[in-house]
Amino acid sequence: MYLDTPPKLVEAEIFSAMPDCFRRKGVRTDWADANRPGEAVDGFIEGPSFDADGNLYIVDIPFGRIFRIAPDKTWSLVVEYEGWPNGLKIGKDGRILVADYMHGIMQLDVKAGCMRPVLTSRNSESFRGCNDLHIAANGDIYFTDQGQTGLHDPTGRVYRLTTSGRLDCLIDTGISPNGLVLDRAEATLFVAMTRDNAVWRLPFMKDGSVSKVGRFCSTFGTAGPDGLTMDQAGRLFVAHASLGHVFVFAPNGELIARIKSCAGPACTNVAIGSHGDRLYITESSTGSVMVADISEKSLRKA
């Protein structure tokens, strides 16, 4: 995973944690029974994304909740609904889009305090379980349809919903497609394939289709890569859902740094702050949001 020198270690610290008043202790949910059997789950946070005012939005999957964390670290409940919100992204136009495992692609109406459907099916067929999404510069929405796919069933899908309303299936052979992000030129899509313990690289052709899909990097562990983001230098940040790290890969695929969790092992997703020098990480087993210095000086090898 690296060439001449081992990856630089960057320590994370707690930014904020879910207040006790929002933790649902002792409450069973269908999501937890299926995905965390035998574990006490008082919340499972994911999907960090900042709005223009510096508020950090996150989701709580099993209880169908979306929270807003203000710059002063105050938590507020924005909406609670019947669904399993997973990925969340805020577009440049302020739209808050959610990949909901139960319903498909949804939009959060903050003022009304409700969720509105954007895309709930393809050709009248329900999705298998949407997981995460990414918004392109032109407004196109890329999203993953993960469901329960894996090495036993490599049929996960990656879609593009264009601003004109056309839905393109880019691949249908994914091994648990999860987080995704476009490179800076928007010429390549990177997709975390959790149960393949890898990140795939999907180059675009002139007609918008993908070809020559390959593994950009591979990891290990009982779970795999989850949320992704990329900085202005083209470095890929990969949250790993069981190793308690965010791995930082150079554009050529070399592992150059590892950001170590100071909470639990379930680093599920990542978001870069407005100044580009702080990485915010959801750690779902403890309901914590961590932060790490990702400035050029911090990531530079000795």
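In the predicted model examined here, Ala17 has Ser288 of strand 27 as its bridge partner. This bridge belongs to a longer arrangement, since strand 2 and strand 27, the latter spanning residues 288-293, pair in the antiparallel sense over 4 bridges. In general terms, the strands of a sheet pair through backbone hydrogen bonds, and this pairing may be either parallel or antiparallel. The two strands are part of an open sheet of 4 strands, arranged in the order 2-27-26-25 with antiparallel pairing. At its edges lie strand 2 (13-17) and strand 25 (267-272), each of which pairs on one side only. From one strand to the next, the twist averages 30°.

The interior of the model was considered next. The largest nonpolar core comprises 19 residues, and the members that touch the most others are Tyr57, Ile66, Leu88, Leu108 and Met115. At least two residues of this core are supplied by each of helix 1 (30-35), strand 4 (56-60), strand 6 (75-80), strand 7 (85-90), strand 8 (96-100) and strand 9 (104-109). When neighbours within four places in sequence are left aside, the contacts of Ile66 include Tyr57, Ile58 and Val59, the run of Ser76, Leu77, Val78 and Val79, and also Leu88, Val98, Leu108 and Met115. A second core, separate from the one just described, has 18 residues, among them Ala12, Phe237, Ile259 and Leu279.

Attention then turned to a loop position. Pro154 is located in the loop that lies between strand 14 (141-145) and strand 15 (156-161), and it counts as partly exposed because its relative accessibility is 37%, a value between the limits of 20% and 50%. Apart from neighbours within four places in sequence, Pro154 is in contact with Asp172, Thr173, Gly174 and Ile175. The C-alpha atom of Pro154 is separated by 9.4 Å from that of Asp196, although the two residues are 42 residues apart along the chain.

Finally, the cysteines were examined. A disulfide is a covalent bond between the sulfur atoms of two cysteines, and a search of the whole structure finds 0 disulfides. For Cys217, which is in no disulfide, the nearest cysteine sulfur is that of Cys267, 15 Å away; Cys217 counts as buried because its relative accessibility is 8%, which is under the 20% limit. Cys262 is likewise in no disulfide, and the nearest cysteine sulfur to it, again that of Cys267, is 9.0 Å away. With a relative accessible area of 39%, Cys262 is partly exposed.

Key:
Residues numbered from 1 in each chain as written. Predicted model: local features only at pLDDT ≥ 70, side-chain atom pairs only at ≥ 80, totals over all residues. Heavy atoms only, no water. Core = buried A, V, L, I, M, F, W, Y, C linked by side-chain atoms within 4.5 Å. Buried < 20%, exposed > 50% of the residue type's maximum accessible area, 1.4 Å probe, protein only. Contact = heavy atoms within 4.5 Å. Pairing = 2+ DSSP bridges. Axes fitted to C-alpha atoms, helices over the stretch in contact; angles between N-to-C directions. Disulfide = S-S within 2.5 Å.
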